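Please look through the model shown here before reading on. The report that follows moves from contacts and overall shape to domains and then to a single residue.

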Amino acid sequence: MVDGTELQTPLHDEHVALGARMVDFAGWRMPVQYAGIIEEHTAVRTGVGIFDVSHMGEFRVFGVEAKAALQRIVTNDLDRIEELGSALYTVMCDEDGGVIDDLIVYHTGDLEYLIVVNASNRETDWDWITSHLPEGVETADESDRTALIAVQGPGALGVIAELTGPGWEPPQRFAIAEATLGGTPVLVARTGYTGEDGVEIVCHASHAVGIWRALLSFAEVVPCGLGARDTLRLEVGYPLYGSDMDRGVDPVSAGLGWVVPKAKTGYIGAKAIARIREAGPERKLVGLIVSEGVPRHEYPVLHGGSEVGKVTSGTFSPTLGHGIALAYVPVALAEPGTALEIGIRRKVVPAVVTRPPFVKETSLSATRS
Amino acid sequence: MYPKDLKYDREHEWVRLDGDVATIGISHFAQDQLGEVVYVDLPAAGDTLAAGDSFGEVESVKSVSELFCPVTGEIVEVNDALSDAPEVVNEDPYGEGWMIKVKLADTSEVDGLMDADGYEAFLAEDE
């Protein structure tokens, strides 16, 4: 942060009391792990893990013209969330098609949208969105008074059902609904960043500790840090803003063409993206699998001994037991099965291009089949 | 946490001297800081190391850390079991989690390392 002090979420003291290892992340003091990344990772894949993601930004946009105005800002089509309570993953781009951020837009009211953005982009996004809204569209930055707790894993909905009491029906995947958790009014969104089924709880900051403790009162619920959040999202190939995409890359190259409907026009960056689509992207974000070593951010990707790209995200996959990575490579080398190499410090190890997700069978994939 | 019969260096390796052979691994502190170890890269037996030389790497999910040899000599044995079971470094850093054995040219080199009390004091001032 500008003045050098780290921000704290409403759950900061809970993390410290639980013995979390705290690190600086995007200006926030956040838990990177409690018991251990692999243990927490496994809890989410097989049981229930909870994450404090209150550092993320929450904006509200209201007004009769809110939808039309947001349509101009985001690439995905808000017609897809006409139904109240539905949500949309999207990016927003600059005029050149460069990704400003990825975000989720929730249709929370007749004339109202809730937008959740990355912590690292909160100020940039707020400035970008508010400067591109016409007069008459109202906005509120709710980030400081809002806490966000992700409850993820095959057992997540069971825990939420226990807290809401009988009669609660979980929202559909990618939908949001009001709920009462242990007497506290909250919003429950069936979204997440782990590849597992589960929810994200949006609540007032003053209720965060109570909800966090209520969740941890279940023996099977494991507190998880940003370390496990990163390995979980990477196993299912979810890109991370700032590592796998930024202003210098367009959504088509980043593998996010699916949030940029071809039929939609008139949004910021539409012309540039149409040109990129027409010409075809020069490079693409691909998955890479290695059998030895752990690829990490910025490690070179090689083909026949020459550097052809760089690892944007890499880790050891606790589920698969080997290294996995995302990297931008020239389109000619982006076909699944292509044999490349990654320079892992002193060694050059073989790497095979694959189409993410690396981990295909999860409680979330099961809800789709 | 820090056995009294071992010597320690500032890079968080430990040394156990047995005759003229030094067994080397990483300390409880080092394994705790790394978190769950997923990969250990060690040299081959027969290599010669000088004090301060890098002899390999240990990786956790989150980070990678270079290993430095606190003594001078020839590697006579390498703990190959760690390639299949790197987590042993966390579970038993002073026992099954050992990494290499080095035959020393000069056993008095070990006297220059910290004893357990000295190492704990070093850790305390580092915090």
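Two residues are said to be in contact if their C-beta atoms, placed from the backbone, lie within 7 Å. With that rule in hand, residues 24 or more positions apart account for 66% of the contacts in chain A that have a separation of 6 or more.

This is a predicted model, in which local features need pLDDT of at least 70 and side-chain atom pairs count only at pLDDT 80 or more, while totals for chains, interfaces and linings use all residues. Residues are numbered from 1 along each chain as its sequence is written, and chains are lettered from A and ligands numbered from 1 in the order in which they are written.

**Overall shape of chain A**

Chain A holds nine helices and 19 strands, where helices (H or I, at least four residues) and strands (E, at least two) are DSSP runs numbered from the N terminus. The radius of gyration of chain A is 20 Å, which agrees with the value near 21 Å that a compact globule of 369 residues would have; this radius is taken over C-alpha atoms, and the globule rule is 2.2 Å times the number of residues to the power 0.38. Along its principal axes, the C-alpha trace of chain A spans about 60 × 50 × 50 Å.

**Two domains**

Domain bounds come from an automatic or database domain assignment.

| Domain of chain A | Residues | Residues in the contact between the domains |
|---|---|---|
| domain 1 | 12-56 + 144-235 | 14 residues |
| domain 2 | 282-369 | 13 residues |

Taken over C-alpha atoms, the centres of domain 1 and domain 2 of chain A are separated by 28 Å. On the side of domain 1 that touches domain 2, the elements giving two or more residues are α2 (37-46) and α7 (226-235) of chain A. The residues of that side divide into three nonpolar, five polar and six charged, where Ala, Val, Leu, Ile, Met, Phe, Trp, Tyr, Cys and Pro count as nonpolar, Asp, Glu, Lys and Arg as charged, and the others, Gly among them, as polar.

**One residue in helix α7**

A:Leu232 lies in helix α7 of chain A. Is A:Leu232 buried or exposed? A:Leu232 is buried, because 31 other C-beta atoms lie within 10 Å, and a residue counts as buried if 20 or more do so, exposed if 12 or fewer, and partly exposed in between, with C-beta atoms placed from the backbone. Leaving out residues up to four places away in sequence, A:Leu232 touches A:His41, A:Val44, A:Thr194 and A:Gly195.
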